[in-house]
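Student: Can we walk through this one together? I'd like to go from the surface to the fold and then to how far to trust it.

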Amino acid sequence: MQPFELPRFYTPYPARLNPNLAQAREHSKAWAAGMDMIDEVIWDEQDFDSHDYALLCAYTHPDAPGPVLDLVTDWYVWVFYFDDHFLDRYKRTRDLAGARRYLDRLPAFMPVDGESTEEPGNPVERGLADLWRRTVPGRSADWRRRFAESTRNLLNESLWELANINEGRLPNPIEYIEMRRKVGGAPWSANLVEHAVGAEVPAAIAGTRPMRVLRDTFSDGVHLRNDLFSYEREVTDEGELANCVLVFEKFLGLPTQQAADAVNDLLTSRLHQFEHTCVTELPPLFEMHGLDPKSRSDTLAYVKGLQDWQSGGHEWHMRSSRYMNKRAAGGISVSGIGMSLIRTAPQRIRGYTHVPFQEVGPLPRPDFHMPFPTRLSPCLNPAREHNIEWARRMGLLDPVPGIWDRHKLEAFDFALCAAGIDPATTADGLNQTTDWLTWGTYADDYYPVVFGPGPDLAGAKACNERLSEFMPVDSEPAPEPSIPLERALSDLWSRTTAAMTAEQRRTFRDAVETMTESWLWELANAKQHRIPDPVDYLEMRRRTFGSDLTMSLARLAHGKKLPPEIYASRPVQAMEHAAADYACLLNDIFSYQKEIQFEGEIHNGVLVVQNFFGCDRRSATAIVNDLMTSRMRQFEHIVAHELPALFDDFGLDEQARGTLAGYATELQNWLAGILTWHEGCRRYDEAELRYRPHAGARVLGGPTGLGTSAARLTVLAGGLAGVHLQTPPVASPQAP
């Protein structure tokens, strides 16, 4: 008996079949046999025929020429064989050591430059060597680098799945989404889309937010759809834990059918985000980078290729013997597309219907899971005095634009936050941390007040560009500050970067710019009056909160004691993200009344959860607190189990081990200090929210224009429905 009925999927694009299917079937079977993949151990001939990978590729790449379809099909034969081979040899036997040895050999068969000299020893190595040789010569160095990285992620993160199986550990929802992108292979598929359509994404925009969101929403759509179809096979037969339906079952305490429906809602939300990004973020991206017509055409061909993959992948899942599809409805039809758009319209529109400035009152505070104690710096009181004087000198307390006054700043008590975050620093170090917190929060309050009405996106962008000029990397002179925001940044930059190298200053400036650019994303959402998609919100929240800047400062303080690949490793990245998410969601609970009632804000995790699940604020708060708790427990798990394994994997010496362990302690102090500050400051007290900083000045938290009337229900909502592109011609340094 099926564990659940498949939900009704959002299918806004038609599925088309490549006319070269028959040739691809014949070619791929001969190729698989030649690589010894039809070996009667992993696959027999009936297995291979019934899986029908050529049909998958013919649906997902309907316009690919015959030889290209043959090559792409071979890649998918290889990746599915790898998945089943790894399951049989290492997941079922739980042989983690053998899996490491097996995976360590594979990068030798995909050199970014030059040719491989390693001799293949099994079908996976043999297939990879052949495919790499046939694929990379016609691709740019940038594409080869990106494809090699996504292939390595696909292979290596299989160890994460195996480790979880060995420990019986189920990931939390945020961790699962992030890791599924790597181990699930959809970013790898996105790279192959470029090859299949014969159009590479220009290197100048490949790393930008819009392209990253398109890749990630595509990936999440592919993986969540696969989780729904493969639940029976993976969870029942294979004992797999990496399935989002299972993750939602356990995390939300839902019956399997309701968990499947919730996963489908998230799948729909991610596809809506894909369409929203295409319509609202690609055109300005093209203009910003001055792309020529061919680069624009190539990018749109790639985007259309991702759309084709979604619809074709769905069609194949409905037909392949690998999946639970016996009672599924028919394939994608024209009438089905129309009904799909109509059926999912309420979910799309709901994100635009929030009524701003509702009287909500403060949220009841849940019992936060905080396993780390707070230690406060003995320099706290002098730092408080310094911060008031520094803010006065910088002009942050001036009556124009009237953002803060001394009373406000004393109520916010950023020195308390700094004293908990960095309890062992010097007096000067504590002053500097306090001042960065002050500047970041002032900027966060400044942007909605000054640029919110409208909102003035052009003015905010110009302000960002000016701020970058006050962070010189080499010896270039900075302009004369004209407003307190610039004056304070210029002062902080000179104090913080005096002993840095040019490379370190560039890294640090990138981190500051990541935060300031994220504020433009908030203003753009405010202009559309659109509550963000939950995944996009969490990933952007790390930036708007300034978490990247906090991590950057900590890393720079370590000097060169740790190699860059340690910071780029999965355990360290996961540790940082878990810490950042806990802090961001903690702030969202404390700031709910401030943001929803007094500011008309839409960027709050509790509100995002309310909107997605259609629940009340108390239920949403409970879900947010559960997410916080799961992220904190993940953080603890990483520090206790994954960092020691990382020490051994990279052969780190005692100094490097001490530095990385010390970094984990710094993050623990950061988390504990942020909670202590939220509980000890008066920034979120209703009396402070009603206080007017300067006579005649705008009340911070009064209507700023960020929350627009719900009557503006969006023309945009209708304009985004089922967007289908045609083939083109030719510490947070702030405490919100």
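Student: What share of the area that the protein chain exposes do carbon and sulfur atoms supply?

Tutor: Keep in mind that this is a predicted model, where local features need pLDDT of at least 70, side-chain atom pairs count only at pLDDT 80 or more, and totals for chains, interfaces and linings use all residues. Residues are numbered from 1 along each chain as its sequence is written, and side-chain values use heavy atoms, leaving out hydrogens and water. The protein chain exposes about 27800 Å² (Shrake-Rupley method, 1.4 Å probe). Of that, carbon and sulfur atoms supply 53%.

Student: Why does the radius of gyration of the protein chain agree with a compact globule?

Tutor: The rule, over C-alpha atoms, is 2.2 Å times the number of residues to the power 0.38. With 736 residues, that puts a compact globule near 27 Å, and the protein chain agrees because its value is 26 Å.

Student: Is A203 buried or exposed?

Tutor: A203 lies in helix 11, residues 203–206 (a helix is a DSSP run of H or I, at least four residues, numbered from the N terminus). Buried means under 20% relative accessible area, exposed over 50%, and partly exposed in between, with a 1.4 Å probe and protein chains only. A203 has 53%, so the answer is exposed.

Student: Which helix has the lowest confidence?

Tutor: Confidence here is pLDDT, the predictor's score for each residue from 0 to 100. Helix 18 (residues 380–394) is highest, at a mean of 98. At the other end, with a mean of 28 over residues 715–720, is helix 34.

How values were computed: Helices (H or I, at least four residues) and strands (E, at least two) are DSSP runs, numbered from the N terminus.
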